[in-house]
Amino acid sequence: MKKLPYLYLLLLIAFSSCKEAESSKITVITPEEMQSFLEADNVQLIDVRTQEEYNKGHIKGAQNINFFSPTFFDDINKLDKEKPVYLYCNSGKRSAKCAEKMIEIGFIKIYDLNGGFSKWKHEGLELEN
C-alpha cells in the first residue's frame with residue numbers, strides 16, 4: 001500500500017514532463033520578434049483567420065489557412081513539418097489552439113504571435129491588403 005503514493009508521484013512527473021516537452025515546441029513571440037523572423041527567406045507564415053478577415057488585411061507574405069475550415073487538417077498537412085511555422089489569428093486564441101493541433105500531428109516548432117493581428121496592426125507594422 002505504501003507504493004501507491006510513489007506510483008502517483010511518478011505518473012505526475014511523467015505527465016508534467018510530456019506537457020513541458022510539447023509546450024517547448026510552441027513559442028509565443030512579440031510582434032517585433034515576429035517581424036525579425038519574417039525577414040528570413042522561405043518562412044511558413046500562416047494566418048488562421050477566416051478568408052473574410054484575411055481579405056480585410058493581413059501580414060505581408062501570409063498564407064491563409066482558416067482554422068474553422070473543413071479542409072484545415074488537409075491544408076496544414078501540406079506544410080513542411082520539419083520547418084518552423086509562424087502563426088497568427090486576430091487576438092491569439094485561435095492560433096494557440098491551432099499550434100496545439102499542429103504539434104499533435106508532428107510539427108516540430110511553432111511560433112505564435114502574441115496578441116495576434118490586432119496587436120501587429122496596433123503597433124503599425126507592415127500589412128498587405
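The legends below describe several close-up views of a predicted model.

**Figure 1. Overview of the chain and its secondary structure.**
In this predicted model, the secondary structure of the chain comes to six helices and seven strands, and these elements follow one another along the sequence in the pattern α-β-α-β-α-β-β-α-β-α-β-α-β. Of the 129 residues in the chain, 36% are buried. Among contacts between residues at least 6 apart in sequence, 68% join residues that are at least 24 apart.

**Figure 2. The open sheet of five strands.**
Five strands form an open sheet in the order β1-β6-β5-β2-β4, and their pairing is parallel. Strands β1 (26-29) and β4 stand at the edges with a single partner strand each, so one side of each is left without a neighbour in the sheet. Strands of a sheet pair through backbone hydrogen bonds, in either a parallel or an antiparallel sense. Helix α5 lies across β1, β5 and β6, and runs at about 150° to β5.

**Figure 3. Strand β2 and its two partner strands.**
Strand β2 covers residues 44-47, with Gln44 and Ile46 pointing one way and Leu45 and Asp47 pointing the other way, and all of these residues are buried. With strand β5 (residues 85-88), β2 pairs in the parallel sense over four bridges, and in this pairing the bridge partner of aspartate 47 is tyrosine 88. With strand β4 (residues 63-64), β2 is joined by two bridges, and these strands also run parallel. Within the pairing of β2 with β4, isoleucine 46 stands opposite glutamine 63, while aspartate 47 stands opposite asparagine 64.

**Figure 4. Asparagine 64 beside aspartate 47 and arginine 49.**
Asparagine 64 is found in strand β4 and, at 19% relative accessibility, counts as buried, the cut-off for a buried residue being under 20%. A polar atom of the asparagine 64 side chain lies 3.1 Å from the backbone oxygen of aspartate 47, and a polar atom of the same residue's side chain lies 2.9 Å from the backbone oxygen of arginine 49. When neighbours within four places in sequence are left aside, the residues in contact with asparagine 64 are Asp47, Arg49, Thr50, Gln51 and Tyr54.

**Figure 5. The two salt bridges of the chain.**
The count of salt bridges comes to two. In one of them, the side chains of arginine 49 and aspartate 47 meet at 2.8 Å, N to O, and both arginine 49 and aspartate 47 are buried. Glutamate 53 forms a salt bridge with arginine 94, where the closest N and O atoms are 2.9 Å apart. Glutamate 53 lies in helix α3 (residues 51-55) and arginine 94 in helix α5 (residues 93-104), so this pair ties together parts that are 41 residues apart in sequence. Glutamate 53, at 23% relative accessibility, counts as partly exposed, whereas arginine 94, at 15% relative accessibility, counts as buried.

**Figure 6. The surroundings of arginine 94.**
Arginine 94 lies in helix α5, and a polar contact of 2.9 Å joins its side chain to that of glutamate 53. Not counting residues up to four places away in sequence, arginine 94 touches Val48, Arg49, Thr50, Glu53, Phe67, Phe68 and Cys89. Arginine 94 and asparagine 66 are 28 residues apart in sequence, and their C-alpha atoms are 9.7 Å apart in space.

**Figure 7. Aspartate 112, a buried residue without a salt bridge.**
Aspartate 112 lies in strand β6, which covers residues 110-113. Aspartate 112 is buried yet has no salt bridge, and the nearest side chain of opposite charge, that of arginine 94, is 10 Å away; a salt bridge would require a side-chain nitrogen of Lys or Arg within 4 Å of a carboxyl oxygen. The side chain of aspartate 112 is nevertheless joined to that of serine 95 by a polar contact of 2.5 Å. With neighbours within four places in sequence left aside, aspartate 112 is in contact with Thr27, Val28, Ile29, Leu87, Gly92, Ser95 and Ala96.

Terms used:
Residues numbered from 1 in each chain as written. Predicted model: local features only at pLDDT ≥ 70, side-chain atom pairs only at ≥ 80, totals over all residues. Heavy atoms only, no water. Buried < 20%, exposed > 50% of the residue type's maximum accessible area, 1.4 Å probe, protein only. Pairing = 2+ DSSP bridges. Lys, Arg positive; Asp, Glu negative; His and termini not counted. Polar contact = N/O pair within 3.5 Å; in protein donor to acceptor, adjacent residues only side chain to side chain. Contact = heavy atoms within 4.5 Å. Axes fitted to C-alpha atoms, helices over the stretch in contact; angles between N-to-C directions.
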